[in-house]
Amino acid sequence: ETVLRNRADRQSKSSGNESCDRDSQNGKIAGYSAFVMLLYGLSPAGLSSVTLIRMYALLTVFVLWAAILHVKNMDEDKLTVKSFWLPLAVCTFLGFMTQYYYFLFLFFMAAAFCCYRLIIKRKFSEVVQYGLVMAGTFGVAYLFYPAYPSHMFSGQRGGQAANNFFDMGILWERLRYFGGLLQKFLFADCFWFLAVLLVVLSVLARTGHRGTSKMEVENNGKHSRTCSLQMLSGWVKLYGTLLVIGVSCLGYFLVASKTSLLVGDAAIRYMVPICPLLVLETVGILILAGWKMPSMKQVIIGVLVAWLALNLVAAGDGRVLFLYPRDAEKIARAQAYQEQGIPVAYAYDPYQTWCIWDSSNELLVYDEVYFLEENKGDMTLEERIRMLDERIRGADQLVLYVSTVGDAEACLTDVLSACPYLSECRLLQEDTYCRMYLLQ
């Protein structure tokens with residue numbers, strides 16, 4: 001709100017008629033910012049960023065800081081060390097050390113910001129200076145954490161992200177996946193309605209603005225025309241702000257969608273850093289598109305209130321994610337099998353051992369759990385069970401957790417083949433990373 005109001009104030013002061021421009025714009029911006037804060041803060045995405053207790057909530061802070069620094073200085077005649085370069089360097093270092101996805105947002109924000117400054121201000125030297133400052137900042141980051149290049153581009157996670165980035169065959173699938181998460185956790189399943197409303201408002205505003213301008217000229221003379229031109233110039237500046245932020249969010253969304261892990265609803269954490277800015281974009285464009293039409297003000301406010309209400313309903317309907325959800329039913333089932341003395345096994349992919357944590361609340365209930373590597377080396381899972389695990393091989397009942405990251409069906413077949421007293425299975429539950437079966 002402060003950034004947008006300051007830009008409106010500077011525009012109005014340069015016009016010589018503050019009452020016409022500044023009061024009108026500041027009043028609109030105040031309501032604009034209130035809706036942005038409520039719509040993000042009370043959305044399932046905003047609440048989940050807190051309850052998941054992940055680094056992405058802190059990353060959101062630095063993404064917003066970076067956005068404020070760039071937007072606040074878009075129209076400055078000169079970028080100073082105190083107001084821009086030093087704060088940006090500090091923000092970049094802290095943001096990048098928090099999570100390397102900060103680099104994705106900064107890359108597109110820097111590209112949009114530098115293009116704007118290059119076109120509007122003709123400041124080519126600032127583009128070079130920007131590159132030098134960022135190179136120095138990432139150099140300092142390397143001194144603090146020399147492993148970050150390999151963490152980003154090689155190793156298990158980095159290599160997987162790099163392969164996904166260059167695999168264009170999965171582009172549409174991943175865009176739909178992460179777009180669906182934003183639809184579910186941020187837009188309360190009404191994104192397409194908002195998009196259609198925006199198109200309608202834009203068409204009506206363009207038609208209505210022509211008629212209003214002619215009427216003002218006829219009825220109020222030159223003063224009314226001057227006031228309208230001043231306000232139009234101010235709104236153009238604000239649209240420029242939304243354009244730069246929009247380009248940054250779009251670039252981040254495209255790259256993050258290609259490289260992030262598909263971990264069910266929990267994957268919304270990768271999009272959380274840009275969620276406040278996406279709300280700002282949506283609400284801002286809706287208000288700016290329809291504010292010239294008095295008859296549409298109530299409609300826009302009604303839509304925003306309805307969006308907020310739907311977010312609250314979604315948050316209360318189980319869409320808020322928790323790092324350690326209360327799985328009372330699952331734990332009670334595990335306790336029942338533990339009391340019956342039924343052996344328990346967990347079959348997993350040896351290269352994806354991190355998936356086991358998803359069932360840790362249940363696994364800790366059992367006194368013993370047999371961990372079976374699915375297929376390792378030349379020996380199959382069936383051969384290893386026959387050689388090593390007498391209690392599993394001779395069991396007439398078995399609780400089996402099977403990782404869905406690997407080949408779950410083949411694993412289930414191997415276990416049934418290795419255990420002569422087991423012939424049928426029943427699916428008890430299906431979680432993000434594994435399925436739970438009762439074999440008899």
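**Group meeting: a helix pair and a loop**

Let's start with one residue, Asp-189. Asp-189 is partly exposed, because its relative accessible area is 43%. Keep in mind that this is a predicted model.

Where does Asp-189 sit? Its place is the loop between helix 10 and helix 11. Its phi is near 60°. That is a positive value, in a residue other than glycine. Why point that out? Most residues other than glycine have a negative phi.

Now Ala-188. Ala-188 lies in the loop between helix 10 and helix 11 (191–259). Its phi is near 50°, again positive and again not in a glycine. Is Ala-188 buried or exposed? Its relative accessibility is 9%, so Ala-188 counts as buried. The cut-off for buried is under 20%.

Step back to helix 10, residues 171–185. Helix 10 has 15 residues. What span should we expect? At 1.5 Å a residue, helix 10 should span 21 Å. Its end C-alpha atoms are 21 Å apart, so the two values agree.

Which residues of helix 10 are buried? They are Arg-174, Leu-175, Phe-178, Leu-181, Leu-182, Gln-183 and Phe-185. Here is a general point to hold against that list. An α-helix has 3.6 residues a turn, so residues three or four places apart point the same way.

Next, a helix pair. Two packed helices are described by the angle between their axes and the distance between the axes. Our pair is helix 6, residues 102–121, and helix 7, residues 124–144. Their axes come within 9 Å. They cross at roughly 160°. Angles over 145 degrees count as roughly antiparallel, so helix 6 is roughly antiparallel to helix 7. The crossing of helix 6 and helix 7 is right-handed.

Who meets whom? From helix 6 come Phe-103, Leu-106, Ala-110, Phe-113, Cys-114, Arg-117 and Leu-118. From helix 7 come Phe-124, Glu-126, Val-127, Tyr-130, Met-134 and Phe-138. How many residues of each class are in this contact? Eleven are nonpolar, two are charged and none is polar.

Last, the whole chain. The protein chain has 18 helices and five strands. It has 440 residues, and 47% of them count as buried. Now take contacts between residues at least 6 apart in sequence. Of these, 77% join residues at least 24 apart.

To recap. Helix 6 and helix 7 cross at roughly 160°. In the loop after helix 10, Ala-188 is buried, and Asp-189 is partly exposed.

Note on methods. Residues are numbered from 1 along each chain as its sequence is written. This is a predicted model: local features need pLDDT of at least 70, side-chain atom pairs count only at pLDDT 80 or more; totals for chains, interfaces and linings use all residues. Side-chain values use heavy atoms; hydrogens and water are left out. Axes are lines fitted to C-alpha atoms, for helices over the stretch in contact, and angles run from 0 to 180 degrees between N-to-C directions. Helices (H or I, at least four residues) and strands (E, at least two) are DSSP runs, numbered from the N terminus. Angles under 35 degrees count as roughly parallel, over 145 as roughly antiparallel, 65 to 115 as roughly perpendicular and the rest as oblique. A crossing is left-handed if the near helix is turned anticlockwise from the far one by less than a right angle, and right-handed if clockwise. Contact means heavy atoms within 4.5 Å. Ala, Val, Leu, Ile, Met, Phe, Trp, Tyr, Cys and Pro count as nonpolar, Asp, Glu, Lys and Arg as charged, and the others, Gly among them, as polar. The expected span of a helix is 1.5 Å times one less than its number of residues. Buried means under 20% relative accessible area, exposed over 50%, partly exposed in between (1.4 Å probe, protein chains only).
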